[in-house]
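Biologist: Please pick one part of this model and walk me through it closely. I am new to this, and I would like each term explained as it comes up.

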Amino acid sequence: MTEQGPPAIRRLERLVERVAPRDPVRWEARPPLKRGRLVSRSRADQLRATVRQLGLAVWHEGMPDRCGRSVKALLSPRSIDAFLELASEGEFRDRRNPAAIGTPLSWSTLATLRDCLVILGEQAGIEVVVPRVYRQRLDLAPVAGAEQLELLYGRLVGSVPADATMARSLACAGLVLDSRMRSGDLVTRRVEHLHLDDEDDARVDAVWHHQGSGRRREDQVPLRPGTVTALRRWLGFRAGLVAGLQGSDHGMLWVTAKARMHLVDGAYQTYEAGMPLGPWGMRRGFSSGMDRLNEVLAARWEGPGPWVPLPPRVEQWRRGVEWAQEQAAARS
């Protein structure tokens, strides 16, 4: 068990050790869970893995501040919601296997994680409210409609974005609309994966990881003129951001637009502008840029009808394209 660390994690480790002791002798005499069942070997491993992931989560900038101060705070609805979203994208995979970090979890793994959170809450005397499978929430989120897709396509070739954050989101949106890559796949793209020299034959080396199967597919995807324009604008901003770093260009396509502080093992460190984005940083940065874009477009909106904000999540745009294609196929 962790001798030092957040109080919430230390308590959860003690709770798991009580119902699933590592010592073989104590294992045979282990008490049942509050729900009346004994913990199996496989469930014991799952509970320990869940606590390990929670131990990583308490230091993540995407979690509520000081969520590790108590089990009640860590298992609160707000903390659970943030934890499951980050965990679903592979943010807390075992650090001993760096290649797996950022790979989305399968449906079955998410269901197991959900069950373990409920068990931990029961043992701590806290009611944990979680959906059956978290990722189903995305299916309930509104997708980008046809008018919004058309509006964004027009914005790609419109006036120059006011800042790097907006330029990055527009370039990212263009790639999503043309390739339907997920955010976890987008962050793996390097500048060298773009082929923009010939605007009539511009392409990107795309990759798609299939959730839960471990399989991946790679192919070149043609890019529309609006996406090419947006990407070139972003590359201009990116060049200035990366130039401020020490050493040579790391080559990653998506980088931070400004310096920020974040927690690493309990201590704040500065993450410079121009550093590579991870999956969670990509999602947050995309949402931030879309919020800025919504402000600009709402101020210029002249109708008809009220302004409908553009969806702030990568997945909503990706599924919007899929929905539009399905509707077109149904009409043909």
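Modeller: Start with how the elements are named. Helices are DSSP runs of H or I with at least four residues, strands are DSSP runs of E with at least two, and both are numbered from the N terminus. Arg182 sits in the loop between α9 and α10, the latter covering residues 183-186. The numbering starts at 1 along each chain as its sequence is written, and side-chain values use heavy atoms, with hydrogens and water left out. The model is predicted: local features need pLDDT of at least 70, side-chain atom pairs count only at pLDDT 80 or more, and totals for chains, interfaces and linings use all residues.

Stay with that loop for a moment. Arg182 has 23% relative accessibility, so this residue counts as partly exposed. The scale is simple: buried is under 20% relative accessible area, exposed is over 50%, and partly exposed lies in between, using a 1.4 Å probe and protein chains only. Now look back along the chain. Pro104 is 78 residues away from Arg182 in sequence, but their C-alpha atoms are separated by 9.9 Å.

Next, go to α9, the helix on one side of this loop. It feeds into a nonpolar core. That term means a set of buried Ala, Val, Leu, Ile, Met, Phe, Trp, Tyr and Cys residues joined through side-chain atoms within 4.5 Å. The largest such core has 43 residues. Cys172, Leu175, Leu186, Leu223, Leu231, Trp234 and Trp254 have the most contacts inside it. Several elements each supply at least two residues, among them α9 (164-179), β2 (203-209) and α11 (225-243). With 10 residues, α9 gives the most to this core.

Zoom in on Cys172. Contact means heavy atoms within 4.5 Å. Set aside the neighbours within four places in sequence, and Cys172 touches Leu186, Trp254, Met282, Phe286 and Val314. There is also a second, separate core, with 41 residues including Leu15, Val71, Leu86 and Phe92.

Now follow β2, which also supplies the largest core. Five of its seven residues are buried, and the strand is mostly covered. Its sheet is open and has three strands, in the order β1-β2-β3, with antiparallel pairing. Because β1 (194-195) and β3 (216-222) each have a single partner strand, they stand at the edges, and one side of each lacks a neighbour in the sheet. Two strands pair if DSSP finds at least two bridges between them. β1 and β2 have two bridges, while β2 and β3 have seven. Across the first pairing, Leu194 stands opposite Val204. Across the other, Arg203 in β2 faces Pro222 in β3.

End with charges. A salt bridge is a side-chain nitrogen of Lys or Arg within 4 Å of a carboxyl oxygen of Asp or Glu. The structure holds 10 of them. Glu218 and Arg216 form one, with the closest N and O atoms 2.4 Å apart. Glu218 is exposed at 53%, and Arg216 is partly exposed at 45%. Elsewhere, Glu17 and Arg26 meet at 3.1 Å, N to O. Here Glu17 is buried at 16%, whereas Arg26 is partly exposed at 42%. Arg48 and Asp45 make another, at 3.4 Å. These two are three residues apart in helix α3 (41-57), which means about one helical turn between them.
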